[in-house]
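The following exercises concern the model shown below. Each task is followed by a worked solution.

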Amino acid sequence: MKRLTLPLSKETIASLHAGDSVLLSGEIYTARDCAHKRIVAGLDCLPFPLENEIIYYAGPCPAPEGKACGSCGPTTSARMNSFAPTLLDHGLGGMIGKGEMSEEVIKALVRNQKVYFAAIGGAGAIYGNAVEQSTCVAYPDLLSEAVYRLRIKDFPLIVAIDSYGKTVY
Amino acid sequence: MRTVDTKEIEACVYRLALEAGRNLSPSCLNALTEARDRETGSAARFALDTVLQNAEVAKRETMPVCQDTGMACVFLSIGQEVHLTGKSLSEAIHEGVRRAYSDGCFRKSICDPLTRVNTADNTPAAIHTQIVPGDKVELSFLPKGFGSENMSRLFMLTPAAGRKGIIDSVVSAVKEAGSKPCPPVYIGVGIGGSFDTVALLAKRALLREIGTRHPRKDVASIEEELLTKINALGIGAQGFHGDTAALGVSCEIAPTHIAGLPVAVNVQCHCVRVAKEVL
């Protein structure tokens with residue numbers, strides 16, 4: 001299993017192929033349905049830098065005492081199909097989620113030379129425990145749907161769509 | 001006549017919500033273990049290994065198994081000899097949900113459908129009550145995640161479509177869902193009734209333990225054929241291609257109108273979390 005640390009270099013991205021399993025560490029941002037709507041509506045005043053950052057399609061559980069984050073598995077990525085190409089064209093470095101994404105998303109990943117990773121849906125406790133730090137950076141009114149910056153250590157992931165447009169699905 | 005204070009129901013909902021959110025049902029754990037042991041696809045096997053490991057972590061650390069702690073679906077069978085006292089039944093159920101989702105650090109996932117403003121305490125629950133003979137109160141708690149709920153479908157077939165129409169509709173719904181509902185899924189199917197009741201039949205089917213068969217042989221044979229056909233789709237765990245797309249299929253039936261054949265497919269992800277208690 002490959003160990004990767006964010007941000008990913010062009011060479012690293014080029015070396016990743018659909019089906020590879022990886023352990024990812026570094027900083028990522030959570031965003032799901034409502035946050036995406038707001039991000040895309042305000043591309044000129046983004047609440048966090050998109051450039052080369054990774055968005056994790058997730059809405060975590062509240063953190064219990066003594067933990068940085070509660071359960072924090074992925075949500076269904078296909079609901080973000082209409083947002084992902086725009087964000088990739090504006091510099092987004094890639095996404096983590098679960099399940100297949102549309103042809104338009106695959107094309108945008110190839111066009112921008114980025115990757116989409118699949119986390120294992122339903123493994124929220126494992127991903128929650130792999131979060132070392134969690135900070136709300138935008139839209140706190142959205143509660144669990146707010147944007148959180150997570151520092152993650154060894155997230156187990158599968159390369160789901162690579163920069164060549166190959167998919168694991 | 002037996003008197004039951006709704007405080008007891010509130011405490012029971014609280015216990016069941018915490019139990020269900022943190023633990024997979026035993027029949028789900030068995031089915032996942034069997035699926036892992038026979039899986040030949042490497043990515044699908046990795047996914048099944050991860051979810052089994054996750055179930056252990058969640059249990060050990062009393063964490064939610066999945067961050068989607070769901071819409072609280074509460075099923076009650078209330079004996080007609082029971083007299084409920086205290087606060088209203090629905091308020092008692094909602095208070096149980098509210099406290100469990102707060103104390104358990106569960107995600108609050110319920111919002112207004114138009115404004116999308118979160119109710120912040122995971123209420124209201126979806127409450128289904130039936131009055132039955134006797135003096136007991138039976139409660140079942142099913143936290144329903146929406147990655148899978150979104151993939152559920154309702155078909156108003158014609159009588160001519162028959163058994164084949166039922167099979168084709170269910171298989172097409174699961175095929176279309178593909179990797180999105182967190183396979184391997186558990187499929188609840190409602191057959192018959194009306195537009196509204198068939199969906200509830202499908203949801204009630206999910207309360208059955210995985211692997212049990214309907215007592216009617218013709219219904220059981222539909223369950224078996226569906227399971228074989230769904231697994232032959234090759235979707236595999238998480239859609240990574242593999243041998244198990246569904247852990248089980250359960251069908252419930254009810255008489256319908258001479259003009260129709262309603263079929264509802266309720267898709268449940270591999271985190272089957274059902275907790276039950278009898279008061």
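**Exercise 1.** Where in chain A does A:Pro7 lie?

*Solution.* A:Pro7 is in the loop that joins strand 1 (2–5) to helix 1 (10–15) of chain A; helices (H or I, at least four residues) and strands (E, at least two) are DSSP runs, numbered from the N terminus. The peptide bond from A:Leu6 to A:Pro7 is cis, with omega near -5 degrees.

This is a predicted model, in which local features need pLDDT of at least 70 and side-chain atom pairs count only at pLDDT 80 or more, while totals for chains, interfaces and linings use all residues. Residues are numbered from 1 along each chain as its sequence is written, chains are lettered from A and ligands numbered from 1 in the order in which they are written, and side-chain values use heavy atoms, leaving out hydrogens and water.

**Exercise 2.** Locate B:Pro124 and describe the peptide bond that precedes it.

*Solution.* First, B:Pro124 lies in the loop between helix 4 (89–103) and strand 4 (126–132) of chain B. Next, the bond from B:Thr123 to B:Pro124 is cis, with omega near 5 degrees.

**Exercise 3.** Characterise B:Arg116 by its phi, location and exposure.

*Solution.* Phi of B:Arg116 is near 65 degrees, a positive value in a residue other than glycine. B:Arg116 lies in the loop between helix 4 and strand 4 of chain B. With a relative accessible area of 43%, B:Arg116 is partly exposed (buried is under 20%, exposed over 50%, partly exposed in between; 1.4 Å probe, protein chains only).
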